[in-house]
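Trainee: Could you walk me through how to read a sheet and its surroundings? I would like to look at the model first.

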Amino acid sequence: MHEQAARALGVRYHYHLIEVAGAGSEELRVLLDGIRRLGFAGVNVTFPYKEAVVYLLDELSPGAAAIGAVNTVVVRNHRLVGHNTDTTGFARAASDLVEGAGQGAVALIGAGGVGKAIAFALAKLGVAEIRIFDTDRTKADRLALLLRPYAKAVAVNDVEDAVRGAVGVVNATPVGMFPGQGTPVPDGLLHDGLWVADAVYFPLLTPLLRAARATGARIMTGRGLAIYQAADSFELFTGLSPSTIEMGNAFDSAIGKIHAA
């Protein structure tokens, strides 16, 4: 996505995967110091490191500081500055869906790094209440406390409590990501009065979204979040506004190749 957007702008740009599975804090610190020294404009950070890197950076944007999670690190004058474009990306992707349903309660499943970002996006979009469920109740409680200056937010005991009477549901967990076939919401809780969004984008139609679509619920795949967070990161890295159409074409091509493999 990044490289195709850059080509469309006539800019030289290299986006490289740095695989750090199982990294501890010291390994992440060394990696980030290398990013600082080797001339990178910045890096994106993905699961499961979005919260772990927060304490290793020189500075946080106001949004990232409020959320306590970072998915974009920009190098500025040899300083590492953390941002969160998952929040801005989800807000861009979901704005029509949220507005079309009115400002009712939304069930948020998952209170990790991406869950935090989506929660703040929902607050920005003006939902009436955010009901947070996480298998780790402490994480849900902490997120609800973080949100309270910005929106009505409550931690709940189970998925049923989160979804009952809600107008929308967001999966912010890895449940349903390939090759898994699980769903974070029992099918019986889904109905045609809901909108249902999933942060997972591989597969695009997760088991949750397939079940929701079968009931007549409106659905949103992880495609929009993936593209818009990337576009906002690109702008932070370069100061240029990328084409989300070009990024979308690149995303679709990459996902198509994975499915075909």
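Trainee: How many residues lie between E3 and E4 in their hairpin, and which residue in the turn has a positive phi?

Mentor: Good place to begin, and please remember that this is a predicted model. Two residues separate E3 and E4 in the hairpin, and Asn77 in the turn has a positive phi of about 55°.

Trainee: How do the two arms of the hairpin pair, antiparallel or parallel?

Mentor: In general, strands of a sheet pair through backbone hydrogen bonds, either parallel or antiparallel. Here E3 and E4 run antiparallel, joined by five bridges. One position to look at is Val73, which stands opposite Gly82 in E4.

Trainee: Which strand does E3 meet through three bridges?

Mentor: That is E1, and this pair is antiparallel too: three bridges join E1 to E3, residues 72–76. Val73 takes part here as well, as the bridge partner of Val43.

Trainee: What is the strand order in the whole open sheet?

Mentor: Read across, the four strands come in the order E1-E3-E4-E2, and the pairing is mixed. E1 (42–44) and E2 (59–60) are the edge strands; each has a single partner strand, so one side of each has no neighbour in the sheet.

Trainee: Which helix lies across E1, E3 and E4?

Mentor: Look for H9, residues 223–238, which lies across those strands and runs at about 10° to E3. Now check burial: four of the five residues in E3 are buried, so to speak of this strand as mostly covered is fair.

Trainee: Which residues make the nonpolar surface patch?

Mentor: Ile18, Leu38 and Phe40 make a patch of about 270 Å². Phe40 sits in the loop between H2 (25–37) and E1.

Trainee: Why does Phe40 count as partly exposed?

Mentor: The class between buried and exposed runs from 20% to 50% relative accessible area. Phe40 has 31% relative accessibility, so it counts as partly exposed.

Trainee: And Glu129: is this residue buried or exposed?

Mentor: Glu129 counts as buried because its relative accessibility is 13%, and buried means under 20%. You will find Glu129 in E6, residues 129–133.

Trainee: Which residues is Glu129 in contact with, leaving aside neighbours within four places in sequence?

Mentor: With those neighbours set aside, Glu129 is in contact with Gly104, Ala105, Val106, Lys152 and Val154.

Conventions
Residues are numbered from 1 along each chain as its sequence is written. This is a predicted model: local features need pLDDT of at least 70, side-chain atom pairs count only at pLDDT 80 or more; totals for chains, interfaces and linings use all residues. Side-chain values use heavy atoms; hydrogens and water are left out. Two strands pair if DSSP finds at least two bridges between them. Contact means heavy atoms within 4.5 Å. Axes are lines fitted to C-alpha atoms, for helices over the stretch in contact, and angles run from 0 to 180 degrees between N-to-C directions. Buried means under 20% relative accessible area, exposed over 50%, partly exposed in between (1.4 Å probe, protein chains only). Patches are made of residues with over 30% relative accessible area and no salt bridge: like charges are joined within 9 Å, nonpolar side chains (Val, Leu, Ile, Met, Phe, Trp, Tyr) within 5 Å. Accessible areas come from the Shrake-Rupley method with a 1.4 Å probe; for residues, only the protein chains shown count as cover. A salt bridge is a side-chain nitrogen of Lys or Arg within 4 Å of a carboxyl oxygen of Asp or Glu.
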